[in-house]
Structures are given as C-alpha cells and as structure tokens.
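Visitor: Hi! Could you walk me through this one? I'm new to reading structures.
Guide: Happy to. Let's open it up and begin with a single residue.

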Amino acid sequence: MNQNAAEPVVATETLAEVPEHVLRGLPEEVRLFPSAVDKTRIGVWATKPILKGKKFGPFVGDKKKRSQVKNNVYMWEVYYPNLGWMCIDATDPEKGNWLRYVNWACSGEEQNLFPLEINRAIYYKTLKVRVLELVCC
C-alpha cells in the first residue's frame, strides 16, 4: 500500500447535525441513532415492533435532474411523464425528512424495508416485524 496516497476523508454524521424539523417528524416507533450498517451515518431504529406492511413516507427532498445530483446516497429516481426521470434529492438535511436516514441493507436477510413508488413519490413498506435498524434494499 502506498503510504503517501491520500485516502478520501469521509465525514461522519452526528445526531447534533440532524435538523429539528426531522426530529419533530419522527413517528413514535422510531428514533435516530448511529448506524450499525454504515459507521459514518445516522440510522433509523425501531424502538418497538413495527407490523409487517406498515408504510412510511413520502421521502422528501429537492426535485432535480440526475445531472444536478452530486451524491446518490440520499436520493431516489422517479419517472414523471412530462419531465422524464427526476431525482428526489435529500442530500441537504434541511431539505429532507427522517427517511433520508434509512440506510442500505448489506444483504437480503438484513433488509426489512421495501421502497414503493406511489403517485411519483417514494414510500417505504416494512417487510418484517423487527426491532432493529430499518434498512432498505
């Protein structure tokens, strides 16, 4: 390994950086804590069992063209008949809601949420009754 090679520094999200409107918008059965899936991110954790099939959403963010999105970690693509593919981008925590903090599952066994597109909006549906970090595909 080249000791002189500069590795990119990844900023770690902290609970102190979560906007107040996000905290106020949390459903009663979830809280934000450091993620077990991605140590640099905040995660959404169930504080009590959530029934299979419960829907959360919509995912909130700025509507942008794909070419305007600089980070695909916090976004979903949605097809608009008269606009084509657009992104719902929640990279800026001030523009997103608590669903911005749902992380990606490392495996199908770990996944407990499924994304749904309903009327050009993204929702998450629970797949399993578990009290764990909520993670998507």
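Guide: Try V44. Leaving aside neighbours within four places in sequence, V44 is in contact with V30, R31, L32, W98, Y101, V102, L132, E133 and L134. Keep in mind that this is a predicted model.

Visitor: Okay, and which residues have the most contacts inside the largest nonpolar core?
Guide: V44 is one of them, along with L32, F59, W98 and Y124. That core has 27 residues.

Visitor: Which strands each supply at least two residues of this core?
Guide: They are β1 (30-34), β2 (42-46), β5 (75-80), β6 (84-89) and β9 (121-126).

Visitor: Why do nonpolar side chains tend to be together?
Guide: I can only give you the general pattern: in soluble globular proteins, nonpolar side chains tend to be buried together.

Visitor: Let's look at β6. Is it largely enclosed or open?
Guide: Largely enclosed by the rest of the structure, because five of the six residues of β6 are buried.

Visitor: What is the strand order in the open sheet that holds β6?
Guide: The order is β4-β6-β5, three strands with antiparallel pairing. β4 and β5 stand at the edges with a single partner strand each, so one side of each has no neighbour in the sheet. From one strand to the next, the twist averages 30°.

Visitor: How many bridges join β4 to β6?
Guide: Three, and β4 covers residues 62-64. One pair to look for is K63, whose bridge partner in β6 is I88.

Visitor: And how many between β5 and β6?
Guide: Six, again in the antiparallel sense. On the β5 side, W76 has I88 in β6 as its bridge partner, and Y80 stands opposite G84 in β6. So I88 turns up in both pairings: with K63 and with W76.

Visitor: How many residues sit between β5 and β6 in their hairpin?
Guide: Three residues lie between the two strands there.

Visitor: New topic! What is the order of the other open sheet, the one with β9?
Guide: It runs β3-β9-β8, and the pairing is antiparallel. β3 (55-56) and β8 (113-118) stand at the edges, each with a single partner strand, so each has one side left without a neighbour in the sheet.

Visitor: How many bridges do β3 and β9 pair over?
Guide: Two. In that pairing, F56 stands opposite Y124 in β9. You met Y124 earlier, among the core residues with the most contacts.

Visitor: Where is N97 found?
Guide: N97 is in the loop between β6 and β7 (103-104).

Visitor: Is N97 buried or exposed?
Guide: Buried: its relative accessibility is 15%, and the cut-off for buried is under 20%.

Visitor: What is N97 in contact with, beyond its neighbours in sequence?
Guide: Leaving aside neighbours within four places, N97 is in contact with V22, P58, F59 and V60. A polar atom of the N97 side chain lies 3.4 Å from the backbone nitrogen of V60.

Visitor: Last one: how many disulfides does the structure hold?
Guide: Zero.

Visitor: What about C87 and C106, are they buried or exposed?
Guide: One of each. C87 counts as buried, at 0% relative accessibility, while C106 counts as exposed, at 60%.

Visitor: Thanks, that helps a lot!

Technical notes:
Residues numbered from 1 in each chain as written. Predicted model: local features only at pLDDT ≥ 70, side-chain atom pairs only at ≥ 80, totals over all residues. Heavy atoms only, no water. Core = buried A, V, L, I, M, F, W, Y, C linked by side-chain atoms within 4.5 Å. Buried < 20%, exposed > 50% of the residue type's maximum accessible area, 1.4 Å probe, protein only. Helix = DSSP H or I, 4+ residues; strand = E, 2+ residues; numbered from the N terminus. Contact = heavy atoms within 4.5 Å. Pairing = 2+ DSSP bridges. Polar contact = N/O pair within 3.5 Å; in protein donor to acceptor, adjacent residues only side chain to side chain. Disulfide = S-S within 2.5 Å. Axes fitted to C-alpha atoms, helices over the stretch in contact; angles between N-to-C directions.
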